[in-house]
Amino acid sequence: MKTLVRSLTAGALAVGGLLASASLPASAAPKKIVTCFRLEKNVVHTHRFRGACARGWTKKRPTPNPIAAVKVENPAQANLTETGSTLLYPLWNIWAPAYQAEFPQVSLTTGGTGSGTGIADAASGTVNIGSSDAYLSSTQRSATPNLLNIPVGISYQMIEYNIPGVTAHLNLDGTVLAGIYTGQITKWNDPAIAALNPKVNLPATPIVALHRSDGSGDTFIFTTYLTDTDPAWASKYSYGTTVSWPAIPNALGENGNGGMVSACAKTVGCIAYVGISYLSSVLGNGQTYAALKNGDGQFVLPSVASAAAEAAGFQAQTPADGTISMIDGKIKGGYPIINYEYAIVNKQQSSSSVAQALRSLLEWCIDPSYGQSQQYLGQVNFVTLPTKVIVQSYKQIKQIQ
Amino acid sequence: MGDENVSLPATAAPARRAPRARRAGPFARAAEDGLWRWSARVASIVPLGGLAFVLAVLAVKAWPALKVNGPGFVTRSGWVPGSTYANPVVTDGVAHPVGASYGAWPLIAGTLQTSVIALVVALPISIGTAFALTERLPPWVARPLSFFVEVLAGIPSVIIGLWGVLTLGPFLAAHVYPLVASHVPNVPVLRYFRGPTGYGEGLLTSGLVLGLMIVPIIASTTRDLFLQVPPLPKEGAEALGMTEAEVARRVTIPWVRSGIIGATVLGLGRALGETIAVAMISGSVLGAVAPNIFGTMTTVAATIVSQLDSAATDGTGFAIATLAEAGLVLAVISVIVNVAARVIVNRSSRHVAPVGRG
Amino acid sequence: MSVAHVTTAYPPTRGRRMRDVVFRTLSALALLFVVGPSIWLIADVVARAVPHWRWDVLTTVPLGTGGGLENAVLGTLVIMVGVLVIAGTVGVLSGIHFAELSRPRRDGRGGGAVLRTATEVLSGFPSIVLGYVGYVALCVGLHWGFSLLPALIILSLMVTPYIAKSTESALRQVPTNYREGAEALGMSPGYALRTVVIKSALPGIVTGLLIALAIAVGETAPLLYTAGITNNLPSASLIHQPIAYLTYYVWTDYNQPIRSTQYLSFDAALILIVLVLVLLVVSRLLVNRTQRHAEGRR
């Protein structure tokens, strides 16, 4: 079935090639030698013709579909373990049975213990995959040069709130959010919020600012957004998996994304930053989320489309090793708080069969027709990786030995 | 009580005469003696070895943090891991992220505050309970109730935390705290009970839940102590015309006072080290001391459990080292408290054998 | 002084009688403040879990936002057995050492002051600090990863002092004439220990073991960073494979926004309460038996 999808893609490309060649004007004599190209099984073939290209060949070098180069290996029997990010954990639990349905010889143990332990365990070699919301720092990379951080998906973050009587998506920006979290803005009808939302009738409900009590990648990307957009926040609190949250009376620390959503549901006036995989819970609780001001000055709602736009904007800048922060880009229509989710993997695995199984699993995960399909990602509202990043991830995966 | 030496002489010679040695010859019996003696000796060293191992790991891990954070660690406020992605800087030969600045004062204050609240709540309740169980109630009521109190000591703290955060906290925040906050006069000490009452997570709720957790420890020990007070002095006091309250205040409690103090300090040790329930109920504010008694806060133990994972993302290892330092601070506080308890208990009457978790 | 005061005021004045009534009321109230919240707490957990209780919670593993707790139930049992083996052996043996074998001091108490102090300090050590050491030294330092062995070592360190203490006091309650009788019969000390002393102290020792197990089963913080978590059933390996346990689900799932996940938390809490109650009730029955035994002796 999936092979069918793939051959359809290939077929579509081939048809495209044919159309392109057919539209070329047929050239007459004199018969010069021309170099022509043809894409066959996603590999570019070259041939010299006298005069004109034969049918099915083009003078323009076709670009092979880079993703079709991603091949999922058929591994031997192996046991793999994964631990780490609680944001990726639900996705791993969706991926694992689907992958094992195809390759039952590989057993995969998943665990949601937190990004930090995921990285530490991958570094010490106790697990094969450490999942992380954040890429490795240069210090970690120099300490353990064999670690790869391979983007395996894109997540984004919503700012949810619980204001009685307000169902509209509020417009918020970094300055207002920083004002709320530093206690300068204490009521929902504060002029600063009202100025961004002239059409919304805001009540005088006190604001309760929720933050994560555990160190977390969500805190990291949220405070990065505040740091990028509000100089006062940048100088005083900066960003990190934990920050010294300003001591304001209406602040609450909650454990995990789930804790944030549940607390917001029962706390009138709350505001919280939550991973997008909790979207259905937020909506189910009757809360809604805000549109955020991006680097381009637009207020953008979080959605697969706007996050994909942001990801596409950062695609070109994403280095081969995937280490980039994608916050507050100057991208039209892009949602400003998105991030890659990483698989942290050691290049040197204990045996070649383990390495092969690991490659196979990760290849499966980044393959658009398998792991990256919305059939799986859609369940947690993740965004498919851009083409270039898939290719880069694939190159990284190939380094696992 | 007959607590004289009941042990066998340690140097007993292997079997002098053996009229009833069944299948074992003298050699086998000597071997058995040796086996018992040596395995017991080895086993008794395990806790010491374990303790030494734990302290050594803590000290080694905490050493870089001790050097960089300095003595200000216990007085400063603010928990800033620093910029983990920038190039690390080196202070005193220790690499750490730029801007890393750790101050544990709010955590230490939170630990002490919750424990004091727990004690203030638990001590009178425990003594009252012990008194009711020993003096007031008929045995057929007192026995199951005593058992019930002991069961409470065995309930996992995560379950008490669950109840605290889902049921007790919201209940208190909705019905009790606002009442307290609006009726307390604005005078120096009681002012602490005024102001915003929060959402049920914070200092007072944590203290109360900790109190409930240590009541069984103090109450069951106190009950055992009360039962050991000989009846004669009490009967004598009653014969002199003392009321029950006067007997308790002037005879029973003074008789076992040091034992009660010991049990209380044991309870305090439990409250200081409690982790998961506080992590659920404290509201988790790392950077500042609670502004009033309803305010959100956190403790050293709860901080270790909630920050250890993200500390591992600090490539310099400085965040992990700082948590070791926090653990060391907590260990020092608990050890001081425990040693104090032992000293007090040992100084008191012999028959005190504190039960419950240490 | 007090005696003089009391005798001159007999029969009690109204003020003294009032104070007596207040005292009795307060002590009754105190009992109420213990029993009330405790019943509230247990009833609360039961009320949250029972209406949605499914028996297949015990036979399925977590799946997505629901599923069951088979992995955690079995994992908890495995951890219990492991703690029983490690901490039980070490704790009982060191209790024997303290009660029977260590050289007595002049004041008649057992010797081994250093070992004794170490045991007592360890028993008061914050469990999260032990968990930290387990994670840093065993899981990361020795490359064991989240797995059963570091969890067992840390939990055993936690409860060994308790078992040692309870074993020691159980052995000390064995009447001296049992030992003297055994010696008079020419038994060697080791043989007497095995056949006479330990046998009669057995209920007390087992009680201590059961309560220690109840403590170990209820721990969360040290396990989070030593056992890890997994959806899989416990495997045969001591290291490299994480293992599930019930307290994890209580702690992680209670505030999840999805109902079916929250129910897992409450179910785990209920199973834990039942488990702990069983352990404590059995231990109490044993205590009652020994007490009857002891009273008959007197």
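Biologist: What makes Val300(B), Ala301(B), Ala302(B), Thr303(B), Ile304(B), Val305(B), Ser306(B), Gln307(B), Leu308(B), Asp309(B), Ser310(B) and Ala311(B) the buried residues of H10(B)?

Modeller: A residue is buried if 20 or more other C-beta atoms, placed from the backbone, lie within 10 Å of its own, exposed if 12 or fewer, and partly exposed in between. In H10(B), 12 of its 12 residues are buried, and the helix is therefore described as mostly covered. This is a predicted model, in which local features need pLDDT of at least 70, side-chain atom pairs count only at pLDDT 80 or more, and totals for chains, interfaces and linings use all residues. Residues are numbered from 1 along each chain as its sequence is written, while chains are lettered from A and ligands numbered from 1 in the order in which they are written.

Biologist: Which elements give two or more residues to the side of chain B that touches chain A?

Modeller: The contact takes 32 residues from chain B and 31 residues from chain A, where two residues are in contact if their C-beta atoms, placed from the backbone, lie within 7 Å. Strand E1 (79-80) and helix H10 (300-311) of chain B are the elements that give two or more residues to that side, and H10(B) gives the most, with five residues. Helices (H or I, at least four residues) and strands (E, at least two) are DSSP runs, numbered from the N terminus.

Biologist: How do the residues of the side of chain B that touches chain A divide by class?

Modeller: They divide into 14 nonpolar, 16 polar and two charged, given that Ala, Val, Leu, Ile, Met, Phe, Trp, Tyr, Cys and Pro count as nonpolar, Asp, Glu, Lys and Arg as charged, and the others, Gly among them, as polar.

Biologist: At what angle do helix H3 (residues 139-154) of chain B and helix H5 (residues 203-228) of chain B pack?

Modeller: The angle is about 145°, with the axes 8 Å apart; axes are lines fitted to C-alpha atoms, for helices over the stretch in contact, and angles run from 0 to 180 degrees between N-to-C directions. Ser146(B), Val149(B), Glu150(B), Leu152(B) and Ala153(B) in H3(B) meet Pro216(B), Ile217(B), Ala219(B), Ser220(B) and Arg223(B) in H5(B). By class, this contact has six nonpolar, two polar and two charged residues.

Biologist: How many of the residues of chain A score at least 70?

Modeller: In chain A, 92% of the residues score at least 70, and the average pLDDT is 85, on the predictor's scale of confidence in each residue from 0 to 100. Over residues 15-25 of chain A, however, the pLDDT is below 50.
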